[in-house]
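The following exercises concern backbone geometry, enclosed space and charged pairs. Each task is followed by a solution in steps.

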Amino acid sequence: MRPSLEKLRLLARSPLAWVLAGVVVLHGIGIGWGLPATEGWDDDGVAPRDFLYGVAETFTPGHFYTYPPLHLILLALLTSPVWIVGLVRSPSLSPRDVVHEFLNVPYMTTFALVARAVAVVMSIGVVFTLSKVAEELGGRRAGLAVAVVVGLNAPFAYYAQTSNLEVPYCFWASFALLYLVRAIVRQRPGELRWMALFAAFATATKDQAAALFVLGVPATLVLWFVLDPWPRANARVVWKEAGIVVVLALGTVLAIDGALMNPSGFSARIGFLLGSASQDHASYAKTLAGRLHLMRDSAFAFSHFYPAPFSLLALSGMGVVAAANSPAKRVGGAAPILLALSSFTLFNCLARRTDDRFLLPQMLILGLYSGLGLDAAVFAVPRPLARATPVLAGALLAWGLFECAAVDVALLHDTRYDAEAWLAAHVEPGDALEVYGNQVYLPRLPSWAHTVRVDERPVDKRNPLVGATEVLDRYENVEQRQPRWIVVPESTIWMYLVDKSDYERTGRVMTPGQQAAQRDSAARSYFRDLVAGRRGYSLAHVSEWTSTFWPHVQIHGSTGQTIRILERIAGEKPSSP
């Protein structure tokens, strides 16, 4: 008992423990966002609906799932008591009966909460591990500064409270980085095996992770040989470990990814990743201008993650590691940025994407350098500035905390909550209510309404909207359907309303789906008329971000969106054909 109490006392006196506790609050306060429900609001998340399906598809011969299975398997194991109960209660084990049983609020909500709780824990792991990387380079004080800065990464706070795979793969990747740095700084090449294992886990969680290591690790090893005499003197040992690393990493990825059990499905998924999964969602043109715009937008995106002045701290932190007193620490200090550049080159530039989630690993690494720069700015400045820098640093961290807290406020006061309250107060039992698009963008709809989802996609290709009647029809045929209410999220219709020329003027290109929406003149006309109060419908209510204190946070098309609720004007015919 006494050793346990002593450990608790030591933990209570640890500044890092208090920082991590604060990050837990920032990363966990919005965990119930949009719940309870049969679907989450975290767009592209794997829970509550996809992770069990993903495991089954990965290991079914000839089939494949969008993402690798490691995290899906972990979630399946953690939620097994729940889905086993569901299987027992299902009338049969036919897919139809099992899905019908699982698509109930208790199962789906539990699945979502478990997945989000795992993400919170893994986000703390990322902060802790990057602080340990900093300790290898600059000591405990530097590690504490890095934990503070990385914990204030705003999109990181969002993804830590979702079931998206961004935080899980960054969790494994941060451990891979730690062991890479340790192998170099401590001159222990055997640590590279752990690096390989964790890099494989990251890649088996989300394929994007491979981009960190494919160029980043070889570049780091080459730099190690160039700058440090130790690996040259021990070349045989280092190259032997490098060879083991390649075999270990590839073998682990292939084993987890289903290549051995389902080679045809694995091959099909690789083709999918190299084809439509990446190129059909590219946001920038393949031209030089498009790529220049991509690099510009990536640089400006820094201010989405941290206050802009943190960029000066990041540059300062790079200077700190470049001036380290040993070649091993200089190389170890260069390793994180080499991994970030590898990811940017092999993923962002080839996939032509700059979404927050696709820049997250690079920005976490820049947070590492910002923390090193912060430590130097506060504790290693000339005496005339020694009093001013802590004050400036405190103000800067307060700014970062405000931006990070704004993400939590956006989750806790999501505009869809306002839409739900309004619908609950105005929609009467049996009212016909029409919706469009994916349910991740929709508020939770009143169960007493007769909800109809209209889409041109075949009904069997849609993710079920529980309690709704699925209709295959053109949007503009609304006069034939005559619903009383229409609920229109901005994220569903923006592609019909945006001007293509304005969009592409910034160097961006539209995806095939967005181009199809632009070509659909009838649907474009319908949505323009609808939001303008024509087509026999008037704007009854708008749920939008109205705070004058907290900023309007928009991440992954999931937060801060505008929801329009329209009501049919009794006896009025549509004003546009």
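**Exercise 1. Locate Gln187 among the helices and describe its backbone and exposure.**

Solution. Step 1: Gln187 belongs to the loop between helix 10 and helix 11; helices (H or I, at least four residues) and strands (E, at least two) are DSSP runs, numbered from the N terminus. The model is a predicted one, in which local features need pLDDT of at least 70 and side-chain atom pairs count only at pLDDT 80 or more, while totals for chains, interfaces and linings use all residues. Residues are numbered from 1 along each chain as its sequence is written, and side-chain values use heavy atoms, with hydrogens and water left out.

Step 2: The phi of Gln187 is near 55 degrees, a positive value in a residue other than glycine. Most residues other than glycine have a negative phi, and most peptide bonds are trans.

Step 3: Gln187 counts as partly exposed because its relative accessibility is 30%; buried means under 20% relative accessible area, exposed over 50%, and partly exposed in between (1.4 Å probe, protein chains only).

**Exercise 2. Carry out the same analysis for Arg535, then identify the peptide bonds that precede Pro36 and Pro48.**

Solution. Step 1: Arg535 is not a glycine, yet its phi is positive at about 65 degrees. Arg535 sits in the loop between helix 29 (521-531) and strand 5 (537-543). With a relative accessibility of 3%, Arg535 counts as buried.

Step 2: Leu35 and Pro36 are joined by a cis peptide bond with omega of about 5 degrees. Ala47 and Pro48 are likewise joined by a cis bond, with omega near 15 degrees.

Step 3: Pro36 lies in the loop between helix 2 (15-28) and helix 3 (51-58), and Pro48 is found in the loop between helix 2 and helix 3.

**Exercise 3. Determine how many cavities of 30 Å³ or more the whole structure holds, and characterise their linings.**

Solution. Step 1: The search yields 2 cavities of 30 Å³ or more. On a 1 Å grid over the protein atoms alone, a cavity is a set of points where a 1.4 Å probe fits but cannot get out, a pocket is an open set with protein on both sides within 12 Å along at least five of seven lines, and lining residues have an atom within 4 Å of a point. Grid points are joined across faces, edges and corners, and a volume is the space filled by probe spheres set on the points.

Step 2: The largest cavity holds about 120 Å³. Its lining has 13 residues, with Cys170, Ala173, Ser174, Pro361 and Ile365 closest to the centre. Helix 10 provides the largest share of this lining, 5 residues. By class, the lining of the largest cavity has 12 nonpolar, 1 polar and no charged residues; Ala, Val, Leu, Ile, Met, Phe, Trp, Tyr, Cys and Pro count as nonpolar, Asp, Glu, Lys and Arg as charged, and the others, Gly among them, as polar.

Step 3: The second largest cavity holds about 70 Å³. Among its 13 lining residues, Thr58, Phe64, Asp257, Phe266 and Arg269 lie nearest the centre. Helix 16 (residues 263-274) contributes the most to this lining, 3 residues. The lining of the second largest cavity divides into 6 nonpolar, 5 polar and 2 charged residues.

**Exercise 4. Describe the salt bridges of Glu241 with Arg193 and of Asp207 with Arg269.**

Solution. Step 1: A salt bridge is a side-chain nitrogen of Lys or Arg within 4 Å of a carboxyl oxygen of Asp or Glu. The whole structure contains 30 salt bridges.

Step 2: Glu241 and Arg193 form one of them, at 2.8 Å from N to O. Glu241 lies in helix 15 (residues 235-256) and Arg193 in helix 11 (residues 191-203), so the pair ties together parts 48 residues apart in sequence. Glu241 is buried, at a relative accessible area of 8%, whereas Arg193 is partly exposed, at 37%.

Step 3: Asp207 and Arg269 also form a salt bridge, at 2.8 Å from N to O. This pair links distant parts of the chain, 62 residues apart: Asp207 is in the loop between helix 11 and helix 12, and Arg269 is in helix 16. Asp207 counts as partly exposed at 21% relative accessibility, and Arg269 counts as buried at 4%.
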